[in-house]
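Good morning, everyone, and thank you for making time for this. Please look at the picture for a moment before I begin, and then we will walk through it together.

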Amino acid sequence: MQGNTAKQDPASGLTGKQKKNNTAFLGTLEDTMFECFRLLVLIGGYIIIFSVLADFSSLIVSGFLPHSIIAGTFEITTGITLIMSDAGKLPVIIKGTAAAALCGFGGISALLQTSGVIRDSGLSLSKYTFHKVLCAAAGGAIFYFIYSFR
């Protein structure tokens with residue numbers, strides 16, 4: 001009868017191969033956790049930076065709608081909140097069209113977040129950006145036409 005010839009560690013009861021597999025698993029788990037933390041900090045950092053830039057855009061651009069659109073181009077949540085507020089007293093069709101277009105684009109913050117996530121994937125950020133601009137145009141146009149014929 002052949003038995004297991006691998007020596008077990010008396011303290012853990014694991015063989016050398018099992019210890020090596022356990023160490024490899026923990027290393028992979030730690031690498032995955034650090035990558036997740038990196039992405040969380042990256043995404044959160046871009047949101048904060050571009051929210052501040054969106055707020056500062058009011059110093060550069062005058063007028064409610066231009067400021068709201070530029071703010072939304074930086075960071076979508078800030079821009080859409082401004083557009084949909086009652087401060088502008090704009091017709092719903094204008095607000096809705098601008099908000100739909102910004103939803104389609106997502107903002108520069110979202111583009112840079114995506115850039116950080118796809119960095120080593122070989123995917124093209126320029127093609128992604130082009131298609132996000134197309135989505136913005138389509139979203140604005142679709143809202144405008146649907147709202148016009150209601």
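Let me begin with a word that I will need throughout: two residues are in contact when they have heavy atoms within 4.5 Å of each other. What you see is a predicted model, in which local features need a pLDDT of at least 70 and side-chain atom pairs count only at pLDDT 80 or more, while totals for chains, interfaces and linings use all residues. Residues are numbered from 1 along each chain as its sequence is written, and side-chain values use heavy atoms, with hydrogens and water left out.

With that word in hand, take S57, which touches H67, I70, A71 and F74 when residues up to four places away in sequence are not counted. S57 lies in helix α1, residues 16-60, where a helix is a DSSP run of H or I with at least four residues, a strand is a run of E with at least two, and both are numbered from the N terminus.

Is S57 buried or exposed? Its relative accessibility is 1%, so S57 counts as buried; the cut-offs are under 20% relative accessible area for buried, over 50% for exposed and partly exposed in between, with a 1.4 Å probe and protein chains only.

The side chain of S57 also makes a polar contact with the side chain of H67, at 3.4 Å. A polar contact is a pair of N or O atoms within 3.5 Å; within protein, one must be able to donate a hydrogen and the other to accept it, and residues adjacent in sequence count only if both atoms are side-chain atoms. In addition, a polar atom of the S57 side chain lies 2.5 Å from the backbone oxygen of A54.

Turning to the partner, H67 lies in helix α2 and is buried, with a relative accessible area of 13%. Leaving aside neighbours within four places in sequence, H67 is in contact with A54, D55, S57, S58, V61 and L82.

Now to the packing of helices. Two packed helices are described by the angle between their axes and the distance between the axes. Here the axes are lines fitted to C-alpha atoms, for helices over the stretch in contact, and angles run from 0 to 180 degrees between N-to-C directions.

Helix α2 and helix α3, residues 76-84, pack at an angle of about 160 degrees with their axes 6 Å apart. That makes α2 roughly antiparallel to α3, because angles over 145 degrees count as roughly antiparallel, under 35 as roughly parallel, 65 to 115 as roughly perpendicular and the rest as oblique. The contact is made by F64, H67, S68, I69, A71, G72 and F74 of α2 together with I76, G79, L82 and I83 of α3.

Helix α2, residues 64-74, also has its axis within 10 Å of the axis of helix α4, residues 92-105, and the two cross at roughly 15 degrees. That makes α2 roughly parallel to α4. In this case L65, S68, I69, G72 and T73 in α2 meet I94, A98, L102 and F105 in α4.

Finally, let me step back to the whole chain, which has six helices and zero strands. Buried residues make up 24% of the 150 residues in the chain. For a contrast with S57, consider I146, which is found in helix α6, residues 125-148, and which counts as exposed at 59% relative accessibility.
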